[in-house]
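Biologist: I have not looked at this one before. Can you take me through it?

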Amino acid sequence: MIDRIASVATVVSAVGCGLVAGIMLAFSVSVLPGLASLPVPDAVAAMQKFNAAILNPLFLALFVGTAATCALATVLTYLTGRGSAALVLAGAVLYVVGCFAITMVLNVPLNDALAGVDPGSAAGAQAWQNFTDKWTVWNNVRTVAATAACAVLIVGQGRSALG
C-alpha cells in the first residue's frame, strides 16, 4: 500500500513541477520580453497586476502543493526502501530549493518592492531597473530547477516501477 501511495505522490510531484516550470517559462519567453517593449510606467503597472493576479488559490495550491507532495514522495519512497529514493530526493530538492525557496527568498521580495511604487514616479523607474535584471535571472533559475525536478522525478518513478 505504501508503495502505491509513494508512486502516486511521485507522479503528482512530477506533474506539479512540470506545470510550475511551464508557468515560469511563459514569463521568461513571453511576458518579460513583452514588458521590455513597453514604456517603464506601463511595464511596472502591468507587472504589478501580474504579481497580484498570480496570488490565486489555484496557483498557490499548485505551487505550495507541489512542494508538499515532493516532501511526501521523498519520505514515502525512503520508507519503501526502493532504489529510486535518491532520485526522488534529488527531484524534491531541486523543486523545493531551486524553485520554491528561491521564489520566497528572492522573487517575492522583488515583487513586494515593485508593488509599493507608483509606476509613473522616479521611484517606480528605479524599482523597475532593480527588478527586471534580478527577477529575470532568478526566474530562469526557477524554470530550470522545476524542469530538472520534473525530469528527475520521472526517472525516479520509472526506476520504482521497474522494481
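Modeller: What follows is a short talk through the fold, the surface and a few single residues. Keep in mind that this is a predicted model.

Biologist: Fine. How many helices and strands does the protein have?
Modeller: There are 5 helices and 0 strands. Along the sequence the pattern reads α-α-α-α-α.

Biologist: What box do the C-alpha atoms fill?
Modeller: Taken along the principal axes, the box is roughly 60 × 25 × 20 Å.

Biologist: And what share of the residues is buried?
Modeller: Of the 163 residues in the protein, 39% are buried.

Biologist: Pockets next. What volume does the largest pocket have?
Modeller: The volume of the largest pocket is about 390 Å³. The pocket is lined by 22 residues, and the closest to its centre are Ile54, Leu55, Thr103, Val108 and Asn111.

Biologist: Which elements give two or more residues to that lining?
Modeller: Helix H1 (2-36), helix H2 (40-53), helix H3 (57-80), helix H4 (85-115) and helix H5 (122-162) each do. The largest share comes from H4, with 8 residues.

Biologist: What is the lining like by class?
Modeller: It has 15 nonpolar residues, 5 polar ones and 2 charged ones.

Biologist: You named Thr103 there. Where does Thr103 lie, and is it buried or exposed?
Modeller: Thr103 lies in helix H4. Its relative accessible area is 7%, so Thr103 counts as buried, the cut-off for that being under 20%.

Biologist: How far apart are Thr103 and Leu79?
Modeller: They are 24 residues apart in sequence, and their C-alpha atoms are 30 Å apart in space.

Biologist: Now the outside. Which residues make the nonpolar surface patch?
Modeller: Tyr78, Leu89, Val93 and Val97 make a nonpolar patch of about 340 Å². H4 gives the largest share of this patch, 3 residues, and Val97 is placed in that helix.

Biologist: What about the loop between H3 and H4, which residue can you show me there?
Modeller: Arg82 has its place in that loop. Arg82 counts as partly exposed because its relative accessibility is 27%, which falls between the 20% limit for buried and the 50% limit for exposed.

Biologist: How far is Arg82 from Asp3?
Modeller: The two are 79 residues apart along the chain, with 8.8 Å between their C-alpha atoms.

Biologist: One more. Where does Ala36 lie, and why does it count as exposed?
Modeller: Ala36 lies in helix H1. It is exposed because its relative accessible area is 64%, and the cut-off for exposed is over 50%.

Biologist: And the separation between Ala36 and Tyr95?
Modeller: Their C-alpha atoms are separated by 28 Å, with the two positions 59 residues apart in chain numbering.

Biologist: Can you sum up the single residues for my notes?
Modeller: Thr103 is buried, Arg82 is partly exposed, and Ala36 is exposed.

Definitions and conventions: Residues are numbered from 1 along each chain as its sequence is written. This is a predicted model: local features need pLDDT of at least 70, side-chain atom pairs count only at pLDDT 80 or more; totals for chains, interfaces and linings use all residues. Side-chain values use heavy atoms; hydrogens and water are left out. On a 1 Å grid over the protein atoms alone, a cavity is a set of points where a 1.4 Å probe fits but cannot get out, and a pocket is an open set with protein on both sides within 12 Å along at least five of seven lines; lining residues have an atom within 4 Å of a point. Grid points are joined across faces, edges and corners, and a volume is the space filled by probe spheres set on the points. Helices (H or I, at least four residues) and strands (E, at least two) are DSSP runs, numbered from the N terminus. Ala, Val, Leu, Ile, Met, Phe, Trp, Tyr, Cys and Pro count as nonpolar, Asp, Glu, Lys and Arg as charged, and the others, Gly among them, as polar. Patches are made of residues with over 30% relative accessible area and no salt bridge: like charges are joined within 9 Å, nonpolar side chains (Val, Leu, Ile, Met, Phe, Trp, Tyr) within 5 Å. Accessible areas come from the Shrake-Rupley method with a 1.4 Å probe; for residues, only the protein chains shown count as cover. A salt bridge is a side-chain nitrogen of Lys or Arg within 4 Å of a carboxyl oxygen of Asp or Glu. Buried means under 20% relative accessible area, exposed over 50%, partly exposed in between (1.4 Å probe, protein chains only).
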